[in-house]
Amino acid sequence: MEDFLNSKVFGIKWSRLLLNCQQTLYMVGWALLIGTVIGLILALVLVLTRKGGVVQGRAARIVYNVVNVYVNVVRSVPFVILLVTIMPFTRLIMGTTIGSTAALVPLVLYISPYLARLIENSLLECSPGIIEAAKAMGANTRQVIRYFLVPETLGSMVLALTTGAIGLLGASAMAGYVGGGGIGDLALTYGYEKMNTPLMILTVVILVVFVQLIQLLGGAISRKLRAHR
Amino acid sequence: MIDIEHVSRTFREKKTEVRALRDVSIHVDRGEIYGIVGFSGAGKSTLIRMVNRLETPDEGTVRVAGQDLSGLKGSALHAMRRRIGMVFQQFNLLEGKTVYHNVAIPLILEHRSKAEIEKRVAEVLEFVELSDKRDAYVSQLSGGQKQRVGIARALATNPEILLCDEATSALDPQTTESILKLLKRVNGEMGITILLITHQMQVIQMICDRVAVMEHGQVVEEGAVLDVFGRPKEEVTKRFVRTVINDQVPETFYDTIRAENRHYRLEQLKFIGDSVNEPVIANLCRREGLEVNIIGANISQMQGSMMSVFILQLIGETERIEEAEDYIDASGALRQRLFIDWDSRTITEIPAGKGAD
């Protein structure tokens with residue numbers, strides 16, 4: 001095992017390759033998890049406070065507009081630019097801008113509004129009739145979300161997360177370049193700067209395999225959730 | 001049980017204004033089945049949603065079991081809604097879940113214990129005759145079965161009132177009939193007050209005690225079903241009644257009627273319930289100097305009572321016919337003179353009409 005890890009593949013050690021794969025998984029995994037939580041909250045706020053939503057009134061309209069504008073603004077900034085712009089902010093909360101953990105800050109900031117839009121679309125697939133039935137049953141807002149809105153749209157939401165995860169994989173490659181490590185880091189520092197073309201191609205193959213796996217997994221879970229529709 | 005008084009509601013959408021309800025008042029008594037009939041856009045959907053506050057009135061008050069709904073908020077509102085079940089045209093079930101889960105949901109919302117939920121779901125499924133479908137997924141059911149699940153779900157919390165929003169409009173005629181029978185049982189066996197809206201007069205005919213007819217956001221006619229069917233006043237009501245009771249002269253008979261060159265009058269006779277105790281038509285036939293030609297006949301059953309409509313061509317001298325008209329009027333039957341305009345082939349009715357020929 002030791003020998004294998006120290007042996008080289010296209011000019012780098014296997015152990016290095018595995019470490020970078022691990023870093024990519026770390027960044028994508030955590031950013032997806034935290035981003036989903038934030039994205040789901042933003043999406044719920046958007047769906048509940050929109051015109052004709054469950055929560056109505058002046059306050060609802062203000063909240064909707066604030067969240068809506070926030071999501072649009074963050075989504076309109078390209079990731080590389082977002083990455084460098086918020087560096088002071090990243091340093092403030094993480095103490096550093098280097099490393100996979102520090103990269104999580106821009107990744108989460110980038111992916112959560114994106115996921116919010118995708119999840120919002122999923123939530124809107126829930127028929128208004130279901131929501132009306134829920135209200136007629138005497139469900140409060142929390143219960144409408146928990147027993148009707150989310151379970152009804154879970155299958156679609158998983159597909160949304162799959163799309164989000166793949167977008168995140170792309171972003172993590174850029175984050176790595178600024179000191180996060182990961183597959184993208186390998187491709188750029190060894191493949192591009194040191195002109196190691198075979199290694200660059202290997203990283204592309206690895207990324208393709210990652211995307212395929214994510215898509216396969218997401219599709220399978222979604223199908224299972226929608227089994228009886 | 002349900003008192004809606006002087007309720008108005010206007011929807012404003014940018015520049016257009018839709019007055020969905022204008023000064024509507026209806027009163028539903030405890031234990032009755034009350035039907036609201038109207039074409040789409042008449043305002044009945046908005047009206048029924050006032051009862052569980054899915055809609056709020058701009059003006060007027062809505063009281064349920066004596067309680068004014070206007071001040072209700074938060075948990076008091078949710079508690080009130082749990083006392084009112086609702087059934088929908090599109091069922092609004094969780095398609096990907098089992099029948100059991102769908103019926104259990106209102107009980108889960110009330111935080112009932114698992115054993116309690118099991119027991120109650122079994123009871124209501126038994127009532128709607130779907131015990132064998134307990135673990136089936138809703139998507140595997142037929143329309144009629146889905147509506148039974150919808151009704152079971154509405155009954156789960158033991159409501160006092162059941163609101164039916166076009167509950168049978170998405171179903172075929174046979175299934176409609178079985179669902180109506182079920183609703184009748186809900187009313188009879190459980191004593192639940194039912195308020196329903198529909199555009200199918202057949203629904204009113206089969207199960208309702210009282211009916212209100214709506215048009216352009218207003219209640220234009222209201223009363224006991226037998227009265228409204230027997231003596232419809234407004235044009236829209238007449239149109240609805242005609243969808244289930246044919247009181248028209250069949251067009252194929254026009255030529256037969258016209259070919260009669262002796263003196264005649266066309267009369268429509270209605271017999272409602274047991275208001276007439278004599279064989280009117282048989283007696284007419286026995287009259288001297290009068291010939292009776294039956295052009296049309298229709299008998300319909302409603303609310304355990306009967307209503308029959310006959311269209312007669314009375315042939316004879318004016319004096320004989322007028323004597324016969326007096327006899328009909330005295331018998332208790334409802335009589336209308338019919339005039340056919342041969343050019344436009346339309347019929348006008350003159351209630352208890354006499355007048356010249």
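This is a short walk through a predicted two-chain model, stop by stop.

Before you start clicking, note that chains are lettered from A and ligands numbered from 1 in the order in which they are written, and residues are numbered from 1 along each chain as its sequence is written. Because the model is predicted, local features need pLDDT of at least 70 and side-chain atom pairs count only at pLDDT 80 or more, while totals for chains, interfaces and linings use all residues.

**Stop 1: chain A**

Select chain A and show it as a cartoon. You should find ten helices and two strands; here helices (H or I, at least four residues) and strands (E, at least two) are DSSP runs, numbered from the N terminus. Follow the chain along its sequence and the pattern reads α-β-β-α-α-α-α-α-α-α-α-α. The C-alpha trace spans about 65 × 45 × 25 Å along its principal axes. Of the 229 residues in chain A, 39% count as buried. Buried means that 20 or more other C-beta atoms lie within 10 Å of the residue's own, exposed means 12 or fewer, and partly exposed is in between, with C-beta atoms placed from the backbone.

**Stop 2: where the chains meet**

Now bring in chain B. Here, 19 residues of chain B are in contact with 17 residues of chain A, contact meaning that the C-beta atoms, placed from the backbone, lie within 7 Å. On the chain B side, colour α2 (74-82), β6 (84-88) and α3 (99-109), the elements that give two or more residues to the side touching chain A. That side of chain B has ten nonpolar, six polar and three charged residues. For these classes, Ala, Val, Leu, Ile, Met, Phe, Trp, Tyr, Cys and Pro count as nonpolar, Asp, Glu, Lys and Arg as charged, and the others, Gly among them, as polar.

**Stop 3: chain B and its domains**

Hide chain A. Chain B has twelve helices and 15 strands, and its C-alpha trace spans about 80 × 50 × 35 Å along the principal axes. Colour residues 2-242 as domain 1 and 251-351 as domain 2; these bounds come from an automatic or database domain assignment. The C-alpha centres of the two domains of chain B lie 39 Å apart. Their contact takes seven residues from domain 1 and nine residues from domain 2. On the domain 1 side, pick out helix α8 (residues 225-230), which gives the most, with four residues.

**Stop 4: a buried helix**

Select residues 44-51 of chain B, helix α1. Seven of its eight residues are buried, so α1 is largely enclosed by the rest of the structure. Among the buried ones are Lys44(B), Arg49(B) and Met50(B). Step on to Arg53(B), which follows α1(B) and has a positive phi, near 60°.

**Stop 5: a helix pair**

Finally, show α5 (residues 143-155) and α6 (residues 173-190) of chain B. Their axes come within 10 Å and cross at roughly 15°; axes are lines fitted to C-alpha atoms, for helices over the stretch in contact, and angles run from 0 to 180 degrees between N-to-C directions. α5(B) and α6(B) are therefore roughly parallel to each other, as angles under 35 degrees count as roughly parallel, over 145 as roughly antiparallel, 65 to 115 as roughly perpendicular and the rest as oblique. Turn on side chains to see residues of α5(B), including Gln147(B) and Ile151(B), meeting residues of α6(B), including Ile179(B) and Leu182(B).
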